[in-house]
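Dear colleague,

Please find below the structure that I am handing over to you. My notes on what was found in it follow directly after.

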Amino acid sequence: MDQTTATVAEPPASPDAGAGACELTSHVRLARVVMLINPLSGSVGPNAAEEALEILSRYACETTVVSLEPGGFEAQIQAAFDEKPDALFVLAGDGTAGTIASRAGPDGPLVAPLPGGTMNMLPKALYGSSDWKTALKVSLEEGLAHDIAGGEVADGDVRRAFFCAAVFGAPALWAPAREAIRLRRLRLAWLYARRALKRAFTGRLRYALDNQPERRAEALVLIGPMISKAIDEDAGLEAAAMNPKDAGEAFRLAAHALFDDWRLDPAVSTRPARRVRLRARSRIPAVIDGEPLLLHHEASVRFLPKAFRALAPVPAAAEDSV
């Protein structure tokens with residue numbers, strides 16, 4: 001395997017062999033695990049591989065830790081899958097974690113996306129506000145398999161899965177403002193909000209949910225059942241259409257989105273959907289599980305009832321429920 005840090009620790013004879021040995025979860029098999037680390041990601045740090053090895057060495061499982069190299073991600077990720085581990089731990093940004101979870105799919109290894117990015121939407125939904133070291137230990141000691149539903153966005157060139165939320169339209173740019181508020185960086189939040197509002201009202205998004213007639217909205221938000229407060233797990237994605245009529249309503253809606261339950265705003269309507277068609281006169285700005293993306297002027301979304309299997313404690317945290 002092409003890797004900068006690759007250490008295999010042979011499991012001890014028994015879980016309590018040696019001083020300080022820790023017991024693995026009894027819910028799933030974890031005889032072999034691989035941990036992929038992007039040391040350049042938002043909150044990882046240059047010593048993460050060594051720290052991960054130190055933690056994993058306490059457990060009776062065969063372990064490989066891989067530091068991902070720029071330009072070599074694809075080959076290294078494929079090599080990790082080729083090892084056929086019981087679980088893949090991912091310490092990286094939202095985009096890398098989502099890509100690996102999507103590749104694993106419903107029949108691949110368990111995936112544990114640890115918080116290593118900026119927004120960390122999927123890790124927060126599974127592990128709460130834990131740092132990556134705590135999330136790693138909890139997953140090893142208490143984890144079991146969770147079937148995670150989600151959605152898949154496609155525009156002809158791009159195909160991207162999401163498991164928390166996808167925002168389409170100019171207000172997709174509000175997502176960085178919300179995260180800045182969470183981090184108490186108020187000036188940055190204001191700058192992000194101003195940028196989003198400048199792009200508002202430049203062209204409505206057209207969308208169709210399932211077999212319903214096409215409608216128009218300023219933005220459409222699709223929320224996965226893992227974090228939605230308003231939809232049953234098997235019903236599909238929660239589709240929330242946002243229709244502010246002017247700058248005043250946009251400010252009000254932005255305030256709801258930042259500070260409380262945005263469903264309370266009269267400019268928002270929601271319903272479940274399993275298939276969605278999108279189109280606009282120009283390219284469609286989007287935020288997919290925290291990652292910005294610019295789609296073609298036509299795109300589609302489909303619901304994935306079982307997108308991948310996550311390794312997380314009981315119950316999963318779902319801290320970022322919306």
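Leu122 has a relative accessibility of 5% and therefore counts as buried, the cut-off being under 20%. The residue belongs to helix α4, which spans residues 121-127. Leaving out residues up to four places away in sequence, Leu122 touches Asp94, Pro113, Phe163, Cys164, Met226 and Phe308. Its C-alpha atom is also separated by 7.4 Å from that of Asp289, although the two residues are 167 apart along the chain. Please bear in mind throughout that this is a predicted model.

Two of the residues touched by Leu122, Phe163 and Phe308, lead to the next point. The structure has one aromatic pair. The ring centres of Phe163 and Phe308 are 4.8 Å apart and the ring planes stand at 70 degrees, so this pair is edge-to-face, a class that requires planes over 60 degrees apart. The pair links distant parts of the chain, with the two positions 145 residues apart: Phe163 sits in the loop between β6 (159-162) and β7 (165-169), whereas Phe308 is in strand β16 (residues 298-312). Both phenylalanines are buried.

Cys164, also touched by Leu122, has a relative accessibility of 1% and so counts as buried. Cys22 counts as buried too, at 18%. How many disulfides does the structure hold? The number is zero.

I turn now to the region around β1 and β2. Strand β1 (32-37), helix α1 (residues 48-56) and strand β2 together make a right-handed β-α-β unit. The two strands run parallel and are joined by six bridges; in one of the pairings, Val34 has Thr64 of β2 as its bridge partner. Is β2 enclosed or open to its surroundings? Five of its six residues are buried, so the strand is largely enclosed by the rest of the structure.

The loop between β1 and α1 contains Asn38. With a relative accessible area of 11%, Asn38 is buried. Setting aside its neighbours within four places in sequence, Asn38 is in contact with Val44, Leu68, Phe73, Leu91 and Ala92.

Helix α2 covers residues 73-82, and its buried residues are Gln76, Ile77, Ala79, Ala80 and Phe81. What do these residues pack against? Their partners are β1, β2 (62-67), β3 (87-92) and α3 (94-104). After α2 comes Lys84, which has a positive phi, near 50 degrees.

Finally, some figures for the chain as a whole. The protein chain has eight helices and 16 strands. Of its 322 residues, 54% are buried. Among contacts with a separation of 6 or more, 72% are between residues 24 or more positions apart. The chain exposes about 14700 Å², of which carbon and sulfur atoms supply 49%.

In going through the model, you may wish to begin with Leu122 and its contacts to Phe163 and Phe308, and then to move on to the β-α-β unit formed by β1, α1 and β2.

With kind regards

Methods
Residues numbered from 1 in each chain as written. Predicted model: local features only at pLDDT ≥ 70, side-chain atom pairs only at ≥ 80, totals over all residues. Heavy atoms only, no water. Helix = DSSP H or I, 4+ residues; strand = E, 2+ residues; numbered from the N terminus. Buried < 20%, exposed > 50% of the residue type's maximum accessible area, 1.4 Å probe, protein only. Contact = heavy atoms within 4.5 Å. Areas by Shrake-Rupley, 256 points an atom, 1.4 Å probe, with all protein chains shown as cover. Pairing = 2+ DSSP bridges. Right-handed = clockwise from strand over helix to strand, strands pointing away. Disulfide = S-S within 2.5 Å. Phe/Tyr/Trp six-rings, centres within 6.5 Å; stacked < 30°, edge-to-face > 60°.
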